[in-house]
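Here is a friendly round of questions and answers to read alongside the model. Take a look at it first, and then we can go through it together.

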Amino acid sequence: MKREAIHRIKEISWLAGIAIIACGLSTAVYARAPVAAVGRILAIQSCSACHQVTDAQMPPGAVLNPDSLEQIRAPAFAQISAKYGKNTKSLRAFILAPRHPMREQKFLPHDLDAIVAYIRSLDRRH
Ligand code: HEC
């Protein structure tokens, strides 16, 4: 093969590499917002009976704890977000194995990812 042709192939593969990296970066940046948007919808469906999930939602009433017969108010998602911050591992663990009166939640893993992403997005410090 001629030197010029080899040079051309190198140039093309280098450009292709850049393009692939650029695509990866842009999806990494843009993927976050839609996931949180899906999580917001899922949270409104599954969590808003007890938690204030969005700023616009009226805070729901307290929930009866069947063990202690006390009324317990579920914290607003904005408070949960501030409490857990970047600690999504503990947040996930609580949602998968909650304390009463919050009941066990059953999720597909990507639904839980979306809900956790939504809660993270409410943390105004990040
Ligand atoms: C039946 C009512 C109910 C539903 C539905 C519910 N929760 Fe809760 N949740 C509670 C209550 C009450 C607490 C407070 C428990 C406590 O402090 O002992 C709580 C606590 C939490 C906490 C822990 C907050 C902390 O201070 O550590 C997280 C996280 C949480 N809920 C997430 C969720 C998510 C996500 C959903 C929906 C998928 C959900 N909850 C649905 C009632 C509920």
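Q: Which residues are buried in α4?
A: Keep in mind that this is a predicted model. A residue counts as buried if 20 or more other C-beta atoms lie within 10 Å of its own. In α4 the residues that are buried are A114, I115, V116, A117, Y118, I119 and R120.

Q: How far apart are the end C-alpha atoms of α4, and why does that agree with its 13 residues?
A: The rise to use is 1.5 Å a residue, so the 13 residues of α4 should span 18 Å. The end C-alpha atoms agree with that, as they are 18 Å apart.

Q: Which element gives the most residues to the largest nonpolar core?
A: In soluble globular proteins, nonpolar side chains tend to be buried together. Here the largest nonpolar core has 12 residues: A43, C47, V53, F77, I80, L91, A114, I115, V116, A117, Y118 and I119. Two or more of its residues come from each of α1, α2 and α4. With 6 residues, the element that gives the most is α4.

Q: Which residues does A114 touch, leaving out those up to four places away in sequence?
A: A114 is one of the buried residues of α4, and it also belongs to the largest nonpolar core. Leaving out residues up to four places away in sequence, A114 touches V35, V38, G39 and L42.

Q: How wide an arc around the axis do the buried residues of α2 cover?
A: The buried residues of α2 are F77, I80 and S81. They lie on the same side of α2, because the arc they cover around the axis is only 100°.

Q: Which residue just after α2 takes a positive phi?
A: Helix α2 runs over 77-84. Just after α2, a positive phi of about 50° is taken by G85.

Q: Is L69 buried or exposed?
A: L69 sits in the loop between β1 (63-64) and β2 (71-72). L69 has a positive phi of about 60°, although it is not a glycine. Because L69 has 7 C-beta neighbours inside 10 Å, it counts as exposed.

Q: Which residues does L64 touch, not counting those up to four places away in sequence?
A: L64 lies in strand β1 and is partly exposed, with 13 other C-beta atoms within 10 Å. Its C-alpha atom is separated by 9.1 Å from that of H100, 36 residues apart along the chain. Not counting residues up to four places away in sequence, L64 touches L69, Q71 and P101.

Q: What is the omega of the cis peptide bond that joins H100 and P101?
A: P101 lies in the loop between α3 and α4 (109-121). The peptide bond that joins H100 and P101 is cis, with an omega of about 5°.

Q: Which residues come nearest to the ligand?
A: The shell around the ligand divides into 16 nonpolar, 3 polar and 3 charged residues. Of the 22 residues around the ligand, those that come nearest are S46, C47, C50, A74 and M102. The elements that give two or more residues to this shell are α1 (3-47), α2 (77-84) and α3 (88-96). To name the residues asked for once more, they are S46, C47, C50, A74 and M102.

Q: Is A74 buried or exposed?
A: A74 is found in the loop between β2 and α2. Among the residues that A74 touches are C50 and M102. A74 has 21 C-beta neighbours inside 10 Å, so it counts as buried.

Q: How many Å separate the C-alpha atoms of S46 and Q105?
A: S46 has its place in helix α1. With 17 C-beta neighbours inside 10 Å, S46 counts as partly exposed. S46 and Q105 are 59 residues apart along the chain, and their C-alpha atoms are separated by 8.6 Å.

Q: What pattern does the protein follow, read along the sequence?
A: The secondary structure comes to 4 helices and 2 strands. Read along the sequence, these follow the pattern α-β-β-α-α-α.

How values were computed:
Residues are numbered from 1 along each chain as its sequence is written. This is a predicted model: local features need pLDDT of at least 70, side-chain atom pairs count only at pLDDT 80 or more; totals for chains, interfaces and linings use all residues. A residue is near a molecule or strand if its C-beta atom, placed from the backbone, lies within 6 Å of it. Ala, Val, Leu, Ile, Met, Phe, Trp, Tyr, Cys and Pro count as nonpolar, Asp, Glu, Lys and Arg as charged, and the others, Gly among them, as polar. A nonpolar core is a set of buried Ala, Val, Leu, Ile, Met, Phe, Trp, Tyr and Cys residues joined through C-beta atoms within 7 Å. Two residues are in contact if their C-beta atoms, placed from the backbone, lie within 7 Å. The arc is that of the directions from the helix axis to the C-beta atoms. The expected span of a helix is 1.5 Å times one less than its number of residues.
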